[in-house]
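Welcome aboard! Open your viewer, pick a cartoon style, and let's walk through this model one selection at a time.

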Amino acid sequence: MVDTLVRILEPRPGDTIYDPTCGSGGMLVHAADYLRENSHHATSAQYFGQEMNWGNAAIGKINSVLHGLEATIVAGVSTITDAASRMVKVRCASFRWHSPISHSLMSSGG
């Protein structure tokens, strides 16, 4: 699913790729892989993530380093209450739709 989302978004060199619920950083890594597959350097884009769970954010940082990325991953903040969203071209997320917050957002149209 992650690979399909990245291919739909088609990240390009110069883009800032933002994942508001980055977890282990898999979406950021897939975006870098997509750039490599299209004959670009993975470092030709900027990678930014946000993760509320400190442990997952640490794994995301390690994962990005292992894949040669200089990703900025902000830990311990909620995407809903403290969105670190910037003016970025590519936003990607795989939200957990089974959470109570997500259900209330979907039912309220937000």
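Start by selecting strand 2 (residues 46-51), which supplies the largest share of the lining of the second largest pocket, three residues. Strands here are DSSP runs of E, at least two residues, and helices are runs of H or I, at least four, numbered from the N terminus. This is a predicted model: local features need pLDDT of at least 70 and side-chain atom pairs count only at pLDDT 80 or more, while totals for chains, interfaces and linings use all residues. Residues are numbered from 1 along each chain as its sequence is written, and side-chain values use heavy atoms, with hydrogens and water left out.

Next, show A45, Q46, Y47, E70 and T72 as sticks: of the 12 lining residues, these are the closest to the centre of the second largest pocket. About 150 Å³ of space lies in this pocket.

Now move to helix 1 (residues 2-9) and helix 2 (residues 26-37), whose axes come within 9 Å and cross at roughly 55°. Helix 1 is therefore oblique to helix 2 (neither under 35 degrees, nor over 145, nor 65 to 115).

Which residues meet here? Select V2, D3, L5, V6 and R7 in helix 1, then G26, M27, H30, A31, Y34 and E37 in helix 2; contact means heavy atoms within 4.5 Å.

Key
Axes are lines fitted to C-alpha atoms, for helices over the stretch in contact, and angles run from 0 to 180 degrees between N-to-C directions. On a 1 Å grid over the protein atoms alone, a cavity is a set of points where a 1.4 Å probe fits but cannot get out, and a pocket is an open set with protein on both sides within 12 Å along at least five of seven lines; lining residues have an atom within 4 Å of a point. Grid points are joined across faces, edges and corners, and a volume is the space filled by probe spheres set on the points.
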